[in-house]
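Colleague: I'd like to go through this one with you and ask how you arrive at the words you use. Can you show me first?

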Amino acid sequence: MAKEPVRVLVTGAAGQIGYALVPMIARGVMLGADQPVILHMLDIPPAAEALNGVKMELVDAAFPLLKGVVATTDVVEACTGVNIAVMVGGFPRKEGMERKDVMSKNVSIYKSQASALEQHAAPNCKVLVVANPANTNALILKEFAPSIPAKNITCLTRLDHNRALGQISEKLNVQVSDVKNVIIWGNHSSTQYPDVNHATVKTPSGEKPVRELVKDDAWLNGEFITIVQQRGAAIIKARKLSSALSAASAACDHIRDWVLGTSEGTWVSMGVYSDGSYNAPAGVIYSFPVTCRNGEWTIVQGLAIDELSRKKLDLTGAELTEEKELAYSCLS
C-alpha cells in the first residue's frame, strides 16, 4: 500500500541551502526511499524568478517520490497543510551590521512565519529552523505560534554534530560511521561546546572511548573545539560562499532521525526547548544530546559533566539568555 505524501516546506528555497536541500528531500534522503513528498517552496518576491527556475529543475529531474511542487512568495499558500517545515530563509548579517539590527530583521520574519504556520500547517507539524541566529529564531517562532507544541520546534545543530564526527574520523583515520555520541551543547554559534567525553569509536576489539584512542587531551580540549566552532567561517573563506551542501545534508539527518528514530545506543544533537536539564537555562532553545522514537525526541539524562564542560555549558547558555533578551527587546 503506497504511503500518503508528506508535505515539506522549505523557506528561502531559491537560496544556496534551499537549492542543495530540495533535491535531497525529493530523492528520499530526508524521509526514506518509500515516502512520497510534496514540496512547498517559499521565497521573497525578488527571488520569485529564481524560485520558478528551481521548480523547473525539480520537474526536469523526474524524481519518482516527488508528487507535487508548490513554489510561491505567499506565506499562507506555502504553509497550508505542511507536515514538516524547514526554515532556511532569514536575514543574514552583513558587514557593519550590529547584532540587534540582524535580530530585529529576523524577529519580524519569524513572527510572520510563525503566525502562518500556526494557522495553516497540518496538526503536529514538525519545525526545524536553520537560518541564523537559529536558536533564537526558533524561540521567536515558538513564542508566536503558541498552539504548536514547544517540542515540535527545533533548531539545527546537527551540522556542528556532523562536523565533530568528521574531525574525529579524520584524526583517527577511521570511518565516520564508526564514530558516535559526540555532543553539541548550547548555541549554534562560536560559543557552542563540541563535547567528546562520551563519544566512542567502533574498533575490531569493540567500542572504545574517543579520548582513549586520540590520546591527546590538549587537542580535544583546544584545537578540536575551535575547528568545529569556526568551521563555517573556514568554509566561507575557502568557497567564498557559506556551507550549503553540508547544512542541507544535516537538515535531512535531523528530520530523518526525529521522524524515523535514532539507532539503539546512539544519540544525536538537536536544538530543543530547554527544560533546565544539565543546569542549562530553561526557556531557551538549547542543543542537547537526544534520542528519538515514534516521532518524539528525549534528552539523554545522567551524563557526567566535568569541570571544563560545566564552564562551557554555562558560557553558551549565558549567550542564549542574552540573545533571548535582545530578541525580546526588538519586540517592544
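Modeller: Here is a predicted model, and we can take your questions one by one.

Colleague: Let's start with the rings. Why is the pair of tryptophan 185 and tyrosine 278 called edge-to-face?

Modeller: Two steps. Rings count as a pair if their centres lie within 6.5 Å, and these two are 5.0 Å centre to centre. Then comes the angle: planes over 60 degrees apart count as edge-to-face, and here there are 70° between the planes. So tryptophan 185 and tyrosine 278 fit the name on both counts.

Colleague: What makes you say that this pair links distant parts of the chain?

Modeller: Tryptophan 185 is in strand β8, while tyrosine 278 is in the loop between β12 and β13, and they are 93 residues apart. Both of them are buried, too. They also belong to one aromatic cluster, together with Tyr286 and Phe288.

Colleague: And why is the pair of tryptophan 219 and phenylalanine 224 called tilted?

Modeller: Their ring centres are 5.5 Å apart, and the planes meet at 45°. Stacked needs under 30 degrees and edge-to-face needs over 60, so 45° leaves tilted. Tryptophan 219 and phenylalanine 224 are both buried. In the whole structure, the search finds four aromatic pairs.

Colleague: How do you know that lysine 171 lies over the face of tryptophan 219?

Modeller: Lysine 171 is 4.4 Å from the ring centre, and the limit is within 6 Å, with the charge also within 35 degrees of the ring normal. The charged end of lysine 142 sits over a ring as well, that of tyrosine 273, 4.6 Å from its centre.

Colleague: Now the record. Which residues does UniProt list for "binding site"?

Modeller: The unreviewed UniProt entry lists Arg93, Arg99, Asn132 and Arg163. They span 71 residues in sequence, and the farthest two C-alpha atoms are 25.4 Å apart, so they do not all gather at one spot.

Colleague: Why is arginine 99 called partly exposed?

Modeller: Buried means under 20% and exposed means over 50%. Arginine 99 has a relative accessible area of 29%, so it falls in between. Arginine 99 is found in helix α4, and its contacts include Arg93 and Glu322.

Colleague: What makes asparagine 132 partly exposed?

Modeller: Its relative accessible area is 42%, so asparagine 132 falls between those two cut-offs too. Asparagine 132 is found in the loop between β5 and α5, and among the residues it touches are Phe91 and His188.

How values were computed. Residues are numbered from 1 along each chain as its sequence is written. This is a predicted model: local features need pLDDT of at least 70, side-chain atom pairs count only at pLDDT 80 or more; totals for chains, interfaces and linings use all residues. Side-chain values use heavy atoms; hydrogens and water are left out. UniProt positions are given in the numbering used here, feature names are shortened, and annotations may be inferred rather than shown by experiment. Helices (H or I, at least four residues) and strands (E, at least two) are DSSP runs, numbered from the N terminus. Buried means under 20% relative accessible area, exposed over 50%, partly exposed in between (1.4 Å probe, protein chains only). Contact means heavy atoms within 4.5 Å. Rings of Phe, Tyr and Trp (its six-membered ring) pair if their centres lie within 6.5 Å; planes under 30 degrees apart count as stacked, over 60 as edge-to-face and the rest as tilted. Lists of a residue's contacts leave out its neighbours within four places in sequence.
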